[in-house]
Every structure is written in structure tokens, then in C-alpha cells.
Amino acid sequence: MKFHQLMFMSVLLFLPCGLALGAPGMAAVTVTPVAGGGETYTLSMQVLALMTALSLLPAALITMTSFTRIIIVLAILRQALGTAQTPSNQILVGLALFLSAFIMAPVFEDIYEAGVEPYLAEEIGPQQALEQGVQPLREFMLEQTRESDLGMFSDIGQFPQTDLASPETIPFTLLVPAYVTSELKTAFQIGFLMLIPFLVIDLVVASVLMSMGMMMLSPMIISLPFKIMLFVLVDGWALVMGTLATSFFT
């Protein structure tokens, strides 16, 4: 087939696409005024906003729920036991995810009742649903956030003092970094307390091996069975999970 014939067939193939693109279609954004001075958007715009929000869901799950504290404590516990990759990362993430779902269940129920359910019943608009829905999450995060962290980020961002006057006026741009910082502090405090008994076992085993002149033998190999035995005898998994769960309820 010659070159000019190929070009002619290509034009024929893409001609319907060009006509379709040039034809008038559904508007991408349509803003409709409503009573009371508000505005509503087309369904296509709402779907676009929803898909954008879903792309940010993993970041919100990590930084705005109990997931951060739980996964850090479990990782420190595995390091303290000295069991290398046991439990695996997938198991730790699964435990943290489902324990977070258990802890956050009352908050999610309040979010649904305050924002999602009235919006689905068309009793309120999307903006009002968002404002009402974030209040239970805001209250949960404020209960776990230290005032010193809020004050530090408020000074760094030069937020006006009126934003800290009440929980409802604290912006999420200030609350989220303060909450994450507080969660990191709390997680490392819990992890430090868990490390102490295992560190004592490592020191005792290392001292015994050195006194026996067995310096070529790794203390980790000898202390590992004792640490696992201690952890099992005290029902360690139940203690850790129970401590993590109760640490969020005040």
C-alpha cells in the first residue's frame, strides 16, 4: 500500500473521532445556585471529586487514624524479639489495619450518621455533609494530640490564636501534623517500655556467655528462645493488642 493511500485511510479512521470531539456534549462543570446562597455541582464533577478523594485515602488512613501508632509498636516488638521477618510485614500491616478498624469503628459510625446518611437522603448538600462528617474525626484526633504539638505547629505556621480558641476552629492543616507527631511520640514510648524486659534478657545472656568464655557464640541465638518463651508465658500478643486498643479510649 502506498503512502498517500495510508494517509487517506488514517484520515477516514480518525474523522469520526474528530467529529465526536467537536460535537456539543455534556458540560464538564455546571454550577447551579440554590436557595440560601449555596451552590451545587453536576454529577460528573461530584464523581471527579470522589475519585480524587479516594486516591488520598491511603494517606488519610495512615495519618488520621490509629494505624500509625499500632504499626510502629508492632514493628518495635518484632525488633525486640529478634525474630527477623517473623511475623512478616504483611501480617503486621494486616493486624494494624483490622485493629485500626476495630478502634475507629465508633468514629466511622458517627461520621456516617452525621454526614453520609443525611447527604444520601438529600437532606443536606455536599459541603455541609463534609463539615458535619469531619467533626467526629476531629474530636478523635484532638483527644490524642498534645497541646504542645499544636502550639509548636501553630507557631511555625503563624496561625492566629483565634484558630486555637475551640476545637471546631482548628484547621486540619494544623491538626494533622500535630496529631501525627503526638502519635509518633506515644508509639515510641510504648515501644520503649516493651523493649526493657527483652533488653534485660539479652544483657543476662551476654554476661553469662562472656563469663564462660564463649565470646564467639552470638548472644542473640541463645536469648531468642528465652524471649519467645517469656512472651508466650505472659500472653504477650493479648497484652500488646489490649494495651494498644485501650490507649485510644479515654
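This is a short talk on one chain, covering its fold, its core, a pocket, the salt bridges and a few single residues.

A word first on what we are looking at. The model is predicted. Every value I quote is computed from it.

Start with the fold. The chain has 250 residues, and 28% of them are buried. Its secondary structure comes to ten helices and two strands. Walk along the sequence and you get α-β-β-α-α-α-α-α-α-α-α-α. So how far along the sequence do the contacts reach? Take contacts between residues at least 6 apart in sequence: 65% of them join residues at least 24 apart.

Now the core. The largest nonpolar core holds 38 residues. Three of them have the most contacts inside it: Ile70, Met141 and Val240. Which helices feed this core? H4, H5 (89-120), H6 (126-144), H8 and H10 each put in at least two residues.

Look at Ile70 for a moment. Set aside its neighbours within four places in sequence. Ile70 then contacts Ala96, Leu99, Ser100, Ile103, Leu244 and Phe248.

While we are on H5, find Phe108, which lies in that helix. Phe108 is partly exposed, because its relative accessible area is 40%. Its C-alpha is 9.9 Å from that of Val134, and the two residues are 26 apart along the chain.

Next, the pocket. I will take the second largest one. Its volume is about 260 Å³. It is lined by 15 residues, and the closest to its centre are Met194, Phe198, Phe231, Leu239 and Val240. Val240 you have met already, as one of the core residues with the most contacts.

What is the lining made of? It divides into 13 nonpolar residues, two polar and no charged. Four helices each supply at least two lining residues: H4 (67-81), H8 (172-211), H9 (219-233) and H10 (236-246).

On to charge. Side chains of opposite charge can pair when their charged atoms come close. How many salt bridges does a search of the whole structure find? Three. Let me take them in turn.

Number one is Glu183 with Arg69. The closest N and O atoms are 2.6 Å apart. Glu183 sits in H8 and Arg69 in H4, so this pair links distant parts of the chain, 114 residues apart. Buried or exposed? Both Glu183 and Arg69 are buried.

Stay with Arg69 a little longer. Thr186, also placed in H8, touches Arg69 and Arg146, not counting residues up to four places away in sequence. Thr186 counts as buried, because its relative accessibility is 14% and the cut-off for buried is under 20%.

The next bridge joins Lys185 and Asp149, at 2.8 Å from N to O. Lys185 is in H8 and Asp149 is in H7 (residues 147-157). Again the pair links distant parts of the chain, here 36 residues apart. How do the two partners sit? Lys185 is partly exposed, with a relative accessible area of 36%. Asp149 is buried, with a relative accessible area of 2%.

The remaining bridge is Lys227 with Asp202, at 3.4 Å from N to O. Lys227 lies in H9 and Asp202 in H8, so the pair ties together parts that are 25 residues apart in sequence. Why does Lys227 count as buried? Because its relative accessibility is 1%.

H9 has another residue to point out. Ile221 is found in that helix. Is Ile221 buried or exposed? Ile221 counts as exposed, because its relative accessibility is 54% and the cut-off for exposed is over 50%. Its C-alpha is 9.8 Å from that of Val205, with their positions 16 residues apart in sequence.

Last stop, Asp235. Where is it? Asp235 is in the loop between H9 and H10. Its phi is near 55°, a positive value in a residue other than glycine. Asp235 is partly exposed, with a relative accessible area of 46%.

To recap. H8 supplies at least two residues to the core and at least two to the lining of the second largest pocket. H8 also holds Glu183, Lys185 and Asp202, each a salt-bridge partner. Have that helix on screen for the discussion.

Technical notes: Residues numbered from 1 in each chain as written. Predicted model: local features only at pLDDT ≥ 70, side-chain atom pairs only at ≥ 80, totals over all residues. Heavy atoms only, no water. 1 Å grid on protein atoms, 1.4 Å probe; cavity = no way out; pocket = protein on both sides within 12 Å on 5 of 7 lines; lining within 4 Å. Points joined across faces, edges and corners; volume = space filled by probe spheres on them. Nonpolar A, V, L, I, M, F, W, Y, C, P; charged D, E, K, R; others polar. Core = buried A, V, L, I, M, F, W, Y, C linked by side-chain atoms within 4.5 Å. Buried < 20%, exposed > 50% of the residue type's maximum accessible area, 1.4 Å probe, protein only. Contact = heavy atoms within 4.5 Å. Salt bridge = Lys/Arg side-chain N within 4 Å of Asp/Glu carboxyl O.
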